[in-house]
Amino acid sequence: MKDLLKLKSSLSEDIENILNAQVKVEAHSSALYLAMSSWCDDQGLDNSSSFFAKQADEERAHMLKLFNYINNRGGRAISPEVTNIPVDFESFRGVFEQTLEQEMFVTEQFNNIADKCMKSKDYVTFNFVQWFLEEQVEEEYVARRILELFDVIGEEGTGKWEIDRHLVKVAFDGE
């Protein structure tokens with residue numbers, strides 16, 4: 001009889017480790033967006049606060065999707081420790097610039113996971129990661145479009161509140 005412990009996981013140790021690292025990235029993103037939500041709320045930017053609260057929920061859902069995938073494949077998902085989350089931000093625009101930077105970083109991480117999956121011939125995980133890569137197209141698009149509002153409207157006078165009012169209309173149609 002084969003050693004069942006050796007057959008426990010269909011994930012390689014490298015793939016399991018890189019997926020667990022991404023679980024931590026998603027948890028960090030969720031906590032960062034929650035902090036941004038609170039900061040926007042404090043600034044009286046209600047739509048932005050709601051936007052970031054929703055983003056925080058989405059990132060947590062992404063974290064759990066990865067977490068469950070690792071466990072479902074026989075691996076061991078690790079609940080991440082999240083540290084170094086700022087509580088204050090320099091500017092309204094800066095919050096959205098940091099959002100775009102974070103989303104671009106997440107895209108890069110998923111590209112690295114996909115690359116590692118291809119090299120190790122883990123096509124099942126490669127297929128799983130495709131959903132996240134497609135999701136990242138939307139995440140980056142929305143952040144870029146919101147930043148464009150800052151260029152078009154400007155923050156002077158009532159500009160912040162106009163941006164806050166209009167950002168709820170930014171959507172990705174996938175075309």
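Reader: In which helix is Asp115 found?

Author: Asp115 belongs to helix 4. Bear in mind that this is a predicted model.

Reader: Is Asp115 buried, partly exposed or exposed?

Author: The term rests on relative accessible area: under 20% is buried, over 50% is exposed, and partly exposed is in between. Asp115 has 39% relative accessibility, so it counts as partly exposed.

Reader: How many residues separate Asp115 and Gly174 along the chain, and what is the distance between their C-alpha atoms?

Author: Asp115 and Gly174 are 59 residues apart along the chain, and 24 Å lies between their C-alpha atoms.

Reader: Let us step back to the whole protein. How many helices and strands does it have?

Author: There are 6 helices and 0 strands. Read from the N terminus, the order of elements is α-α-α-α-α-α.

Reader: What box do the C-alpha atoms fill?

Author: Along the principal axes, the box is roughly 75 × 35 × 20 Å.

Reader: What share of the protein's residues is buried?

Author: Of the 175 residues, 41% are buried. The protein exposes about 10200 Å², and 50% of that area comes from carbon and sulfur atoms.

Reader: How do I read the contacts along the chain, and what share comes from residues 24 or more positions apart?

Author: Take the contacts with a separation of 6 or more; residues 24 or more positions apart account for 78% of them.

Reader: Now one helix in detail. What span should helix 3 have, and why?

Author: The rule is 1.5 Å a residue, so the 27 residues of helix 3 (residues 46-72) should span 39 Å. The C-alpha atoms at its ends are 39 Å apart, in agreement with that value.

Reader: Which residues of helix 3 are buried?

Author: First the general idea. An α-helix has 3.6 residues a turn, so residues three or four places apart point the same way. In helix 3, the buried residues are Ser48, Ser49, Phe51, Phe52, Gln55, Ala56, Glu59, His62, Met63, Leu66, Tyr69 and Ile70.

Reader: What covers the buried residues of helix 3?

Author: The cover includes helix 2 (13-42), helix 4 (92-119), helix 5 (123-153) and helix 6 (159-166).

Reader: Which residue follows helix 3, and what is the sign of its phi?

Author: Gly74 follows helix 3, and its phi is positive, near 90°.

Reader: Next, empty space. How much lies in the largest pocket, and which residues line it?

Author: Rolling a probe the size of a water molecule over the atoms shows where empty space is left. In this structure the largest pocket holds about 200 Å³ of space. Its lining consists of Phe51, Lys54, Gln55, Glu58, Glu138, Glu139, Val142, Leu167, Val168, Val170, Ala171 and Phe172. Helix 3 and helix 5 are the elements that give two or more residues to this lining. The largest share, 4 residues, is from helix 3. By class, the lining has 7 nonpolar, 1 polar and 4 charged residues.

Reader: How many cavities of 30 Å³ or more does a search of the whole structure find?

Author: The search finds 1 cavity of 30 Å³ or more. The largest cavity holds about 30 Å³ of space, and its lining residues are Phe51, Gln55, Thr99, Glu103, Glu139, Val142 and Ala143. Helix 3, helix 4 and helix 5 are the elements giving two or more residues to that lining.

Reader: Which helix gives the most to the lining of the largest cavity?

Author: Helix 5 does, with 3 residues. The lining of this cavity divides into 3 nonpolar, 2 polar and 2 charged residues.

Methods
Residues numbered from 1 in each chain as written. Predicted model: local features only at pLDDT ≥ 70, side-chain atom pairs only at ≥ 80, totals over all residues. Heavy atoms only, no water. Expected span 1.5 Å × (residues − 1). Buried < 20%, exposed > 50% of the residue type's maximum accessible area, 1.4 Å probe, protein only. Contact = heavy atoms within 4.5 Å. 1 Å grid on protein atoms, 1.4 Å probe; cavity = no way out; pocket = protein on both sides within 12 Å on 5 of 7 lines; lining within 4 Å. Points joined across faces, edges and corners; volume = space filled by probe spheres on them. Nonpolar A, V, L, I, M, F, W, Y, C, P; charged D, E, K, R; others polar. Areas by Shrake-Rupley, 256 points an atom, 1.4 Å probe, with all protein chains shown as cover.
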